Amino acid sequence: MSDTDTLHIIKQFITDYTTKAQYNIDTPLYKGNLPIGNNTYSIVGVFFENSPHALADSIIESTDTDIVLLLNLQQKVVLLRKSKTCGIDLGKLAKQLSIGGGKPDVAGCLLNDKIINLTKLLQPC
């Protein structure tokens, strides 16, 4: 899959952000802290195949986390969501991490070594 195809998938995921659905978390979660500038954000990472926003909503509602990092290894896509109390701009963060972008509340980018190294900060929870 080309980077252009992957970016199209990311754009579709961001467009689908407003879709609300219930989701039962049945996949392992990984938690850690991510220092950015003068702040440290709590982050939960999770693998997904479908319904990333429903999954992110469930994680945000059931855990005390700032950022949810959703990874789809098959499509090499990473999506970012945040809690309402988190002040970071996810669109800017996605651009710093990889090829991507988005909006302040939802963003996506291509999976790369920088993101893989970031996931090494996370532990099963």
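Start by selecting Phe-47: with a relative accessibility of 39%, this residue counts as partly exposed. Keep in mind that what you're looking at is a predicted model. Now add Tyr-30 to your selection, which is also partly exposed, at a relative accessible area of 25%. Together Tyr-30 and Phe-47 make an aromatic pair. How are the two rings arranged? They sit edge-to-face, with 6.3 Å from centre to centre and 80° between the planes. A search of the whole structure turns up 1 aromatic pair, so this is a good one to save as a view. Tyr-30 belongs to strand E1 and Phe-47 to strand E2, so the pair ties together parts that are 17 residues apart in sequence.

**Next stop: the hairpin**

Colour residues 30-36 (strand E1) and residues 39-47 (strand E2). These two strands pair in the antiparallel sense, over 7 bridges. If you want one spot to check by eye, find Gly-32 and look across to Ile-43 in E2, which stands opposite. Then move to the turn: the hairpin has 2 residues between its strands, and Gly-37 takes a positive phi near 60° there.

E1 has another partner, too. Select residues 123-124, which make up strand E7; E1 and E7 pair in the antiparallel sense over 2 bridges. Our friend Tyr-30 turns up again here, standing opposite Pro-124 in E7.

**Zoom out: the whole sheet**

Switch to a cartoon view and count along the strands. In what order do the 7 strands run across the open sheet? The order is E5-E6-E4-E3-E2-E1-E7, and the pairing is mixed. E5 and E7 are at the edges with a single partner strand each, so one side of each has no neighbour in the sheet. A bit of background while you look: strands of a sheet pair through backbone hydrogen bonds, either parallel or antiparallel.

Now pick out E4 and E6, which pair in the antiparallel sense over 5 bridges. Click on Arg-81 and find its bridge partner in E6, Val-106.

**Follow the charges**

Stay on Arg-81 and show its side chain. Which side chain does Arg-81 meet in a salt bridge? That of Asp-57, at 2.5 Å from N to O. Arg-81 lies in strand E4 (residues 77-82) and Asp-57 in helix H2 (residues 52-62), so this salt bridge ties together parts 24 residues apart in sequence. Are these two residues buried or exposed? Both Arg-81 and Asp-57 are buried.

The whole structure has 2 salt bridges, so go and find the one between Asp-105 and Lys-82, at 3.6 Å from N to O. This pair also links distant parts of the chain: Asp-105 is in the loop between strand E5 (100-102) and strand E6 (106-110), while Lys-82 is in strand E4, 23 residues away. Asp-105 is partly exposed, with a relative accessible area of 36%, whereas Lys-82 is buried, at 12%.

**Helix H2, up close**

Asp-57 has already brought you to helix H2, so select the whole helix. Of its 11 residues, 9 are buried, so H2 is largely enclosed by the rest of the structure. The buried residues of H2 include His-53, Leu-55, Ile-59 and Ile-60.

**A stop at Asn-72**

Jump to Asn-72, in strand E3 (residues 67-72). Asn-72 counts as buried, at 4% relative accessibility. Show its side chain and you'll see that it reaches the backbone nitrogen of Gln-74 at 3.1 Å. Leaving aside neighbours within four places in sequence, Asn-72 is in contact with Phe-48, Glu-49 and Val-77.

**Last stop: the nonpolar cores**

Show Ile-43, Ile-67, Leu-69, Leu-80, Ile-88, Leu-90 and Leu-93 as spheres. They have the most contacts inside the largest nonpolar core, which has 19 residues. The elements that give two or more residues to this core are E2, E3, E4, helix H3 (90-97), E6 and helix H4 (113-119). Which element gives the most? H3 does, with 4 residues.

Centre the view on Leu-69. Apart from neighbours within four places in sequence, its contacts include Ile-43, Val-46, Leu-80 and Leu-118. To finish, select Ile-9, Ile-10, Val-77 and Leu-79: these are among the residues of a second, separate core, which has 15 residues.

Key. Residues numbered from 1 in each chain as written. Predicted model: local features only at pLDDT ≥ 70, side-chain atom pairs only at ≥ 80, totals over all residues. Heavy atoms only, no water. Salt bridge = Lys/Arg side-chain N within 4 Å of Asp/Glu carboxyl O. Buried < 20%, exposed > 50% of the residue type's maximum accessible area, 1.4 Å probe, protein only. Pairing = 2+ DSSP bridges. Polar contact = N/O pair within 3.5 Å; in protein donor to acceptor, adjacent residues only side chain to side chain. Contact = heavy atoms within 4.5 Å. Core = buried A, V, L, I, M, F, W, Y, C linked by side-chain atoms within 4.5 Å. Phe/Tyr/Trp six-rings, centres within 6.5 Å; stacked < 30°, edge-to-face > 60°.
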